[in-house]
Amino acid sequence: MAKQFDLIIKNGAVLTSDGVGRYEIGIKDGKIIQLSPSIDSGLAKEVIDAEGGYVMPGGVDAHVHIAQDFTSGPKGVMGKCADDFLTGSRSAVCGGTTTIIAFAQQNRSDESLLKVVQNYHALSEKSGAYCDYGFHVIITRPEVQMLEKELPKLIEDWGITSCKLFMTYSSMQLSDNQLLDVMYETRKRFMTTMIHAENGDLISWLTNKLEQRGLVEPFYHAISRPPVVEMEATHRAIVLAEMIQNPVLFVHVGSASAAQIIRNAQTRGFPIYAETCPQYLHLTWDDLKRFHSPKCFENSKMICSPPPGPDDSDQEALWAGLRNGTFTIYSSDHCPFRYKDVHGKALGVLQHEQSLGSARCPVDQEHLSEILDDKTGHFKYVPNGCPGVETRLPLLFEYGLKTGRVSPERYVDLVSTAPAKLYGLYPIKGALIPGISDADLVIWYPNDALPSFKLTNANLHHNVDYTPYEGMEFGNWPRYTIVRGQIVWAEGELRASASVGKYLKRGTNQLATRPTNSIASDKRRVATWLYKA
Ligand code: DUC
Ligand code: ZN
Ligand code: ZN
């Protein structure tokens, strides 16, 4: 006789952003179809006993870089992501994430956003994925014609309802005028505008001054971007956004001062959303001196933009922001560059040597160790970013939920429910609603069931040769990850193939997106006439 359920999860502490309860979960055809105090095991083909561990919606990581080339260096230096959709999504599910949203990047030579998306989609189709995935677009050529014609198609045909804009990197930086052009269009279409807020001119000015003094080792990446660089750009973007009444989302917020500016705007009633990431809660400037000496090139492993804050006072402010709602979501900003790779962090040495006219050519992979060992390189040639899609959930579980810095409900909201709402995936994703939600789940070990361990990169499933979190202690880890009813990760083993993941067409932002009337009519801040007929 056909079974009523494909899978039942028993004895779990079912945790959602609304609370915790003792429920059993019945799954059929990839959907949650029942949530009740007890379900008869005999009705299912397979049963998982959660033994009292938390059972929650799978993680939604709304900020990952996969199969992306980076032309962000001063000479269009090519960093290449070490993860494709197969390895990136594999790493995601091994860390409890069941949905990722990656970036389809427009380069300045790309005339069509639609083409960019088609090409990017072909990559994901080719490799397959272990979890579901969607795309944001990065817009670097905000020509009004292109925006007017292509954005509606991106929304209708592809379900792409968010774009990222850069205020830094010469190959991507938009002027205030261009930022306004995009925001004006995205507002009309309820698209989420994601902002990378750093003042690019300030960074290049400081970089020149550091170079004149010979201060170019990896550590000086942070010195070229003190927190005020992020704070100024954040303030400026809020002024622009508020002027034309377009809510924006600040990605990878790294400093207490930027968080404060965001909080002030939210307190005024203007809908601003913000994201922070693990590297800003766990790293500081000191981590850029972690390996042997401030000069050691190995410190380039910790280079990301914006850099983490100078000391742990920034971290405490960011933890407070996670609690009090300044931050809507918590994402990884997984940006995977290998250390020993001619397309990875090693570019900091190789490009520097080339610029000095002393390049060793050709450089093969085998000789990289030797080259990196005795060199310090230049931070401006190092691709910016750290891996973290697999460690995102465990880090916040261990250092946030277990320590009481965030409540269990807030934890689920930050890692799953809020990103699903913000990016138009809720309640298919980010929820456990019978008859509606996909059966995307993560099941944790019961308290103290997993002996605590020190993380090492060999534990992880990305294609990167390091983790910034090497040596950190963990007492729990996702025990099972389930994607649309399929068990993909079970007790340390990958159980499925990369044919599980599907492309997701997304809807628009489901969080409140329009400012209140009183703020919208403040003529000191708002071009109130702009939208009058
Ligand atoms: N921005 C990101 O979102 N990720 C890495 C590098 C960057 O500048
Ligand atoms: Zn960015
Ligand atoms: Zn990023």
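Analyst: Helices (H or I, at least four residues) and strands (E, at least two) are DSSP runs, numbered from the N terminus. This is a predicted model, in which local features need pLDDT of at least 70 and side-chain atom pairs count only at pLDDT 80 or more, while totals for chains, interfaces and linings use all residues. Residues are numbered from 1 along each chain as its sequence is written, chains are lettered from A and ligands numbered from 1 in the order in which they are written, and side-chain values use heavy atoms, with hydrogens and water left out.

User: How should I read the metal sites, and which protein donors does the zinc ion (ligand 3) have?

Analyst: Donors are N, O and S atoms within 2.8 Å of the metal (3.2 Å for Na, K and Ca); water is not among the atoms, so sites may look incomplete. For the zinc ion (ligand 3), the protein donors are His63 (NE2), His65 (NE2) and Asp333 (OD), at 1.9 to 2.1 Å. Their spacing along the chain is H-x1-H-x267-D. Histidine 63 belongs to strand 6 (residues 59-64) and aspartate 333 to the loop between strand 15 (329-330) and helix 11 (347-355), so this pair ties together parts that are 270 residues apart in sequence.

User: Are histidine 63 and aspartate 333 buried or exposed?

Analyst: Buried means under 20% relative accessible area, exposed over 50%, and partly exposed in between (1.4 Å probe, protein chains only). Histidine 63 and aspartate 333 are both buried.

User: Which residues supply the donors of the zinc ion (ligand 2)?

Analyst: Lys164 (NZ), His196 (ND1) and His252 (NE2) are the protein donors of the zinc ion (ligand 2), lying 2.1 Å from it. Along the chain these donors follow the spacing K-x31-H-x55-H. Histidine 196 is in strand 12 (residues 192-196) and histidine 252 is in the loop between strand 13 and helix 8, so the pair ties together parts 56 residues apart in sequence. Histidine 196 and histidine 252 are both buried. The zinc ion (ligand 2) and the zinc ion (ligand 3) are separated by 4.4 Å.

User: What backbone features deserve attention?

Analyst: Most residues other than glycine have a negative phi, and most peptide bonds are trans. Histidine 252, a donor to the zinc ion (ligand 2), has a positive phi of about 35° although it is not a glycine. Its loop runs between strand 13 (248-250) and helix 8 (256-268), and its relative accessibility is 2%. Asparagine 11, in strand 1 (residues 5-16), also is not a glycine and has a positive phi, of about 60°. With 36% relative accessibility, asparagine 11 counts as partly exposed.

User: Where are the cis peptide bonds?

Analyst: One cis peptide bond joins serine 305 and proline 306, with omega about -10°. Proline 306 sits in the loop between helix 9 (278-282) and helix 10 (312-324). Another cis bond runs from tyrosine 426 to proline 427, with omega near 0°. Proline 427 is in the loop between helix 14 (408-422) and strand 16 (441-444).

User: How is empty space described, and how many cavities of 30 Å³ or more does the structure hold?

Analyst: On a 1 Å grid over the protein atoms alone, a cavity is a set of points where a 1.4 Å probe fits but cannot get out, and a pocket is an open set with protein on both sides within 12 Å along at least five of seven lines; lining residues have an atom within 4 Å of a point. Grid points are joined across faces, edges and corners, and a volume is the space filled by probe spheres set on the points. The structure holds three cavities of 30 Å³ or more, and the largest cavity has about 140 Å³ of space. Of the 20 residues lining the largest cavity, His65, Phe70, Tyr169, Ser305 and Asn384 are the closest to its centre.

User: What lines the second largest pocket?

Analyst: This pocket holds about 250 Å³ of space. Its lining residues include Ala67, Asp69, Phe103, Asn107, Asp110 and Tyr120. Strand 9 (97-105) and helix 2 (113-127) each supply at least two lining residues, and helix 2 gives the largest share, four residues.
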